[in-house]
Amino acid sequence: GVLCVKAVPSEPNWFVLSFKNSAVGVCDIAARTMRFMSSPGHSETIFDVAFHPKDQDLIGTASYDGYVKLWRISTHESVREMYAGKDQLLYGLAFGPGATKVCCVSGSGMLFIFKVDTGETLVKQQVHTGQGFRCEWNQRGPCNIATGGNDGYACVINEKDGSVVSRLTHPSAVFGVAWHPMQEGILATGCQDSMVRIFSLGGPVNPTAPEVILQGHDARVFNVAFHPILPSIICSGSDDRTIRIWNWTPTFRGQRQLKRLVGHTSYVRGLLWHTELPHILFSGSWDSTIRVWDAVESRCLYTAYEHHADVYGLAMHPERPFFLVSSSRDTTIRFWIFEDLVRPMLVSVLLRPDQMVEMLGGSIDEAMALFSTEGSKSIKKLYGKASHTLATELTLPAAQTRPVPIQVYQKILTFFLYRQGLEDFWGLIANIRGEMLPGGMNTHRGFFHERELIACQKSKALELASGRSKIGIGSKQEERLQKAAQIMLRVGDLRSYCRFMAQAGHWERAICIAPAVSLKFWQELSSEYVETLSAEADIQEAAPFLLSTGRSSALVDSFIGRGDLDHAFVVAKAECDQLLPTQLSGSNQPPAPKPPPSDDARAKLEDVASVLARRHAEMGEPLLAAMCHLAVSKSTRALSFLSRAHEVVLAYVLADLLELPKDPLLLKFLAMSAEHDELYDVAAEYLLQHPQGPDMHIPLLAARHGYPESLRNYVSVSRPEHQERAAQFQAEGRTAEAILAYACARQSEQAVRLATDALMQLFQSPEGWTLAEARRLLDPLESLPIQDLGVKEIASTLACASFVGLVEASQLGYHELMFPLAQTLRNIITHQNLNFPVSLFEITMLEATCTSHRAPAAAHSQLTSLLGNPDLPSHLRLACERQVAALERRSPADEWAASDGPGLLKLAGSHLPSCYKKYAKTSVLTNQLIRGPAFELEDKRNFVSLADALAWVRVNAFSPLNTGCKINPI
């Protein structure tokens, strides 16, 4: 049923509908059609979420609405629903060994076991007399299920028939249950009485009595979680708002409580240990937050406020350990990436895959000692099974070849990184390179290269028609046949379209299109006609007739108009490959040979790919946008999209695999990331690929860190030698070389004075100046501790950096940076009374000129304001008048959309809804609430959005707080 209806202001015939199953749709009442319909979700609290053990693209959820749902992460769609029944409020979820079954427990004390591939109910059993709160499937030993209930029992249940094997008595309600992941028969429970109990069900002593009781919480224990790496460690979360970390081993004689984590402002619910980094723990709470803890140091590393209600479920697949899934009372499932925890590792492995071995941790005892020793510091090493497997694969001879094989990059990024569509990225690159990835063609991908698109679509249609498919919501045969027919129609196989439509019972439609195949086929099909079809006013009705009469371009335009861009792309490709008829054939003679694709058809295909790319870019999906261009072999455009959206690693990998020029700016970013973790040799290796790397950036890198031993092979000039050269270069009038030498000698004041004087002169040059000239003078200053110098030196440096950044942003089309940079420059000049060679009028005019294509009204206002100032110089007045006249003549079609033209694109995830206002940060650049991730500035009080920080550092290394400090958001 429909819950709410809202009108769309810009479209009088469109209405937004929200449904009880949490789906959202857009209805066009004039056309009597749904323009958009989202997949149904959960309508109530999602209490638990778990990954399918054998498919990292599949998750299961259990909800208060009585449904268990399986979701395909790559498409964000529900692929199977299992209904427990009315009034069965589901609290817990667990996949069985082998992932053929999934179980859940309900608020009425019922245990349900479903078959994963069909959704069939295998077991429905009453196991508690009150509410059941959690269920866990034993992955070691007997395949029993543990549940906790309000009746004071933890039950161990036979998975085959749902019978209770044993009941573990507790003094009050049992909320949390957890099987030990490494030791058979060890079960932990969390109880209303604030105790954590450990049972040894396979031991010689009474198995129904706890072997260990952990006492310390001040309120009920809601959840418990054994450590997946350290077998002696368990954590518990409580209504006392704390998380406790314990050594549960029966033979341990020391203080059992090892750590106490404090920070949540309400009850702790979800708990999840990281499967690779033993010191990292995730927690969810009634305070609507997810916290990331360094458990060894007992400190919170990050707090996520984006959920709007209690966070219950947390899940992570061990083969993709830096991708987290959460579920909440707000009925949403949210995806999080925590790759920043190991970004230096990723940057290092990209360059040297065989170095993965060095990132592995030592013995378990070494990691365990960190928890036991007071004041220990966590070690960033990988201890999980997946990292060890990857390290072994990366040391094989096949992984050592150069250039780096696609499969090596694929394995590295799959482990360290997640972006929607990453699975399809590699197939597109392989196709462009003329290679085939292991496993062959997969028809369930979301993106196909144009060379394989038609064959994949046909295979998908045949699979639908035959009823063979992966896990998915079952549909009637008629629906499957119609879907198969529509696919065949879009790829130009009209014969198969007619056959599938006839099999679906839609004979009249099939007969109407049959003459486009041949008169003989039409006669054959007509003789089989048995029933009629009731037509609908829908594009699906018009599509066959448009194609059969040779009007495929009109169908493409119709699909684009409806927003069905994927369908438009397929039809455009079929048209480009001459697979669609140009006119009805009235004879049975074989068709004449098809001419090569026309330039217009090719241009149409690429235009559709561009429209698709823009849509994904506007939705904050830069990888999907780039893959639209890769699908038509426009690799340079794809690389540009990734670079402009700050996808540094993906852009580097794409450029390397397709032998495209690497963006020098991205190489600097990768080097900065390695440098931040003191991987100086790795930073130097990236900078060797930079045009100015060997001569400028590597010597500056060495100077910043006191010429470390690891850079001995990369630099040949010592600090004293740089000092001697600086004076010599200055005497010879070689200013840029002198500035670099002073910076490498760490003589900050001399470098700053010389550089700022030279830049001031350059800005006044009657012949003009280039960015390359300015950067040669300015870049060395970015290596110096400017914040430690005097006010005059800081102001002069920041003014020059802001102006060069403003000009560079103008040339690159970074319109969103123009006002912050211009305002920063105006503030420095005004507040410090700086004698700067560029006037405030010129700064404002440059700002307005750059933003005129994106925000013409704002630019017009700025320019007319300048014209109203009587002090405006005559040469600038004339330029302003010309700009105003041009703006007034410009039609709306000349304005650039958000993803058109030059400039930056949305950061992945930056389009998502922000958290509650009370938690949101305000940007110091825009004075608006930050949407998406925030970046903390050096004073620990002010913030900018991460997207703005990444954009800012592209053109200005210095903080927008004007302290002289540098920012490093990479």
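The buried residues of helix H14 pack against five elements that I will name in chain order: helix H6 (450-466), helix H12 (552-562), helix H13 (565-576), helix H15 (622-630) and helix H16 (635-644). Please bear in mind throughout that this is a predicted model.

Which residues of H14 are buried? They are Ala601, Leu605, Glu606, Val608, Ala609, Ser610, Leu612, Ala613, His616 and Ala617. As general background, an α-helix has 3.6 residues a turn, so residues three or four places apart point the same way.

The length of H14 can also be checked. The helix covers residues 599-618, and its 20 residues should span 28 Å at 1.5 Å a residue; the end C-alpha atoms are 28 Å apart, so the two values agree. Just after H14, glycine 620 takes a positive phi of about 70°.

I turn next to the sheets. One open sheet has 4 strands in the order E1-E2-E3-E4, with antiparallel pairing. Its edge strands, each pairing on one side only, are strand E1 (2-8) and strand E4 (33-37). From one strand to the next, the twist averages 25°. Within this sheet, strand E3 (residues 24-28) pairs with E4 in the antiparallel sense over 4 bridges. Glycine 25 stands opposite methionine 37 in E4.

Another open sheet of 4 strands runs in the order E21-E22-E23-E24, and its pairing is antiparallel. Here the edges are strand E21 (221-226) and strand E24 (257-262), each of which pairs on one side only. The twist in this sheet averages 20° from one strand to the next. Which helix packs on the sheet? Helix H2 (residues 364-372) does, touching E22, E23 and E24, and its direction makes about 65° with that of E24. Inside the sheet, strand E22 (residues 233-238) and strand E23 (residues 242-247) form an antiparallel pair over 5 bridges. Glycine 237 stands opposite isoleucine 243 in E23.

Now to individual residues, beginning with histidine 128. This residue sits in the loop between strand E12 (121-126) and strand E13 (132-137). Is histidine 128 buried or exposed? The relative accessible area of histidine 128 is 1%, and because the cut-off for buried is under 20%, the residue counts as buried. The side chain of histidine 128 makes a polar contact of 2.7 Å with that of threonine 147. Beyond neighbours within four places in sequence, histidine 128 is in contact with Ser108, Gly109, Thr147, Gly148, Gly149, Asp151, Tyr153 and Cys155.

Arginine 134 belongs to strand E13. With a relative accessibility of 15%, arginine 134 also counts as buried. Which residues does arginine 134 contact, leaving aside its neighbours within four places in sequence? They are Asp48, Gly92, Val105, Ala146, Thr147, Gly148, Phe175, Gly176, Val177 and Asn223. Thr147 and Gly148 therefore appear in the contact lists of both histidine 128 and arginine 134, under the cut-off of heavy atoms within 4.5 Å.

I close with glycine 768, which lies in the loop between helix H23 (748-763) and helix H24 (771-778). At 34% relative accessibility, glycine 768 counts as partly exposed, because that value falls between the cut-offs of 20% and 50%. How far apart are the C-alpha atoms of glycine 768 and leucine 946? The separation is 34 Å, for two residues that are 178 residues apart along the chain.

How values were computed: Residues numbered from 1 in each chain as written. Predicted model: local features only at pLDDT ≥ 70, side-chain atom pairs only at ≥ 80, totals over all residues. Heavy atoms only, no water. Helix = DSSP H or I, 4+ residues; strand = E, 2+ residues; numbered from the N terminus. Buried < 20%, exposed > 50% of the residue type's maximum accessible area, 1.4 Å probe, protein only. Polar contact = N/O pair within 3.5 Å; in protein donor to acceptor, adjacent residues only side chain to side chain. Pairing = 2+ DSSP bridges. Axes fitted to C-alpha atoms, helices over the stretch in contact; angles between N-to-C directions. Expected span 1.5 Å × (residues − 1).
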